Each structure stands twice: as C-alpha cells, then as structure tokens.
Amino acid sequence: CYFMYKNMVLAVGDLIWAHQNGFSGQIAFPDWVSSMYNAVFTSLPVLFSFTFDRDMPDAVSVETPELYQAGPKRAFLNRRVFGSWVLSAAWHGSVCWLLPIFSLSGSLSSDGKVVGFWLASQTSFTLAVETVTLKLLAHTMGYDLVTLGAPIFFLLLYFIVVFSLSSFLDGIQPELTSIMPEIFSS
C-alpha cells in the first residue's frame, strides 16, 4: 500500500492544480524533481528500510508458524486497510498542496501565471517528500542504523539535489532558481 500511497500524495497535488488552472496543461511541479520523486527520493529508502526491517529474530519466526496467520487472514491488506491508505494519501496530498499554494502564492498575472507559484509548488513538493518519508518511518517495525538511516539519508539527498538545482545548476531547472534559500528564509 505504501507505493500506491506515495504516488497518490503527489498525484493529488497535480489533480488539484489541474482544477485550479482550468486544465490548461501547466505542470504543478518542476520536471527534474518530480521525475526523481518516484525513482530516488521515495523508492530507494523503501528498498533499504524494508529489506533490513526485522520485527522478530529469524529463529523465532521459523519456530512459531502462527506468526504468519495474519497473512492468510488478510489482516494487513483488505478493503478497510486499503481504504485507509487511500484516504490518508488524499488528505496528505491535499494538505501538502493547498497549504503552500494558498499561503505563498499570489494572484494571477496578466499572462495567467500565478505570482510566487514556483515557491509554493516547491514547498508543496518538499512537504510531500517529507510526509511520505515520515509515513515510511512510522510503518517500519524495528529501528536500526539502516532502517532509520536510509530514509534520513535520502531526505538529505533530496535537499542537496534541490539546493543544487536552485543555485549552481539553475540552468537545468530554471523554475527553481533561488527557490530553496527563499523557502528556508520565509
């Protein structure tokens, strides 16, 4: 459910933006960071965290087969659980989009563009990355160096990439020029 959740959080922002701009086809998030969202910022932490996540020692798991009864009984994946993940994603995505867009962006300019839009958009994207990372940490069974360190490492990597794109690599993603320093100074 986590993979669907993390993609829905970002897609809700896109969906709300499509309604806000009258389905004009304008993108909601800068291209480079949105293309790295799924591949780097939110998938790699899962691979590390869930690969090394252990709630029971292996010997106990092998000796106690009743531990596996939750799987066949569909305790962790059923309509109610799936629905709660979907509702959670819709709520988190809405809050991540609407809070910055209404508090940081201004009115429409004469050419139909929102003044301060990229600041609000990147703030929204940053909130989405942070939210799904916190959700991952909340659903990790045991904390150790890898399961706690991987999400934090990739969150720091996100900030390094975005700071780079907004400063010395600003030709790659011109919408982000000076955005991250502005986000942290606001």
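Where in the chain is Ala 75 found? Ala 75 sits in the loop between α4 (58-63) and α5. Keep in mind that this is a predicted model. Besides that loop residue, this briefing takes a look at the largest pocket, the aromatic pairs, and a lysine that sits over two rings.

**Ala 75 and its loop**
- With a relative accessible area of 36%, Ala 75 counts as partly exposed, because that label covers values from 20% up to 50%.
- Leaving aside residues up to four places away in sequence, Ala 75 touches Ala 70 and Val 81.

**The largest pocket**
- There's about 620 Å³ of space in the largest pocket.
- Its lining is made up of 16 residues.
- Nearest the pocket's centre you'll find Asp 53, Asp 55, Phe 76, His 139 and Met 141.
- Sort the lining by type and you get eleven nonpolar residues, three polar ones and two charged ones.

**Aromatic pairs**
- Searching the whole structure turns up 15 aromatic pairs.
- One of them joins Tyr 2 and Phe 3, which meet edge-to-face at 6.1 Å centre to centre, with 80 degrees between the planes.
- Tyr 2 is buried, because its relative accessibility of 7% falls under 20%.
- Its partner Phe 3 is partly exposed, at 40% relative accessibility.
- Tyr 5 and Trp 85 make another edge-to-face pair, because their planes stand at 75 degrees, and their ring centres are 5.5 Å apart.
- That pair ties together distant parts of the chain: Tyr 5 belongs to helix α1 (residues 2-20) and Trp 85 to helix α5 (residues 79-104), 80 residues apart.
- Tyr 5 and Trp 85 are both buried.
- Ring pairs also link up a cluster made of Trp 17, Phe 29, Tyr 37, Phe 41, Trp 97, Phe 117, Trp 118, Phe 125, Tyr 158 and Phe 159.

**A lysine over two rings**
- Which rings does Lys 135 lie over? They're the rings of Tyr 5 and Trp 85, the two partners in the edge-to-face pair that links α1 and α5.
- Over Tyr 5, the charged end of Lys 135 is 5.1 Å from the ring centre.
- Over the face of Trp 85, Lys 135 lies at 4.8 Å from the ring centre.

Notes. Residues numbered from 1 in each chain as written. Predicted model: local features only at pLDDT ≥ 70, side-chain atom pairs only at ≥ 80, totals over all residues. Heavy atoms only, no water. 1 Å grid on protein atoms, 1.4 Å probe; cavity = no way out; pocket = protein on both sides within 12 Å on 5 of 7 lines; lining within 4 Å. Points joined across faces, edges and corners; volume = space filled by probe spheres on them. Nonpolar A, V, L, I, M, F, W, Y, C, P; charged D, E, K, R; others polar. Phe/Tyr/Trp six-rings, centres within 6.5 Å; stacked < 30°, edge-to-face > 60°. Buried < 20%, exposed > 50% of the residue type's maximum accessible area, 1.4 Å probe, protein only. Helix = DSSP H or I, 4+ residues; strand = E, 2+ residues; numbered from the N terminus. Lys NZ or Arg CZ within 6 Å of the ring centre and 35° of its normal. Contact = heavy atoms within 4.5 Å.
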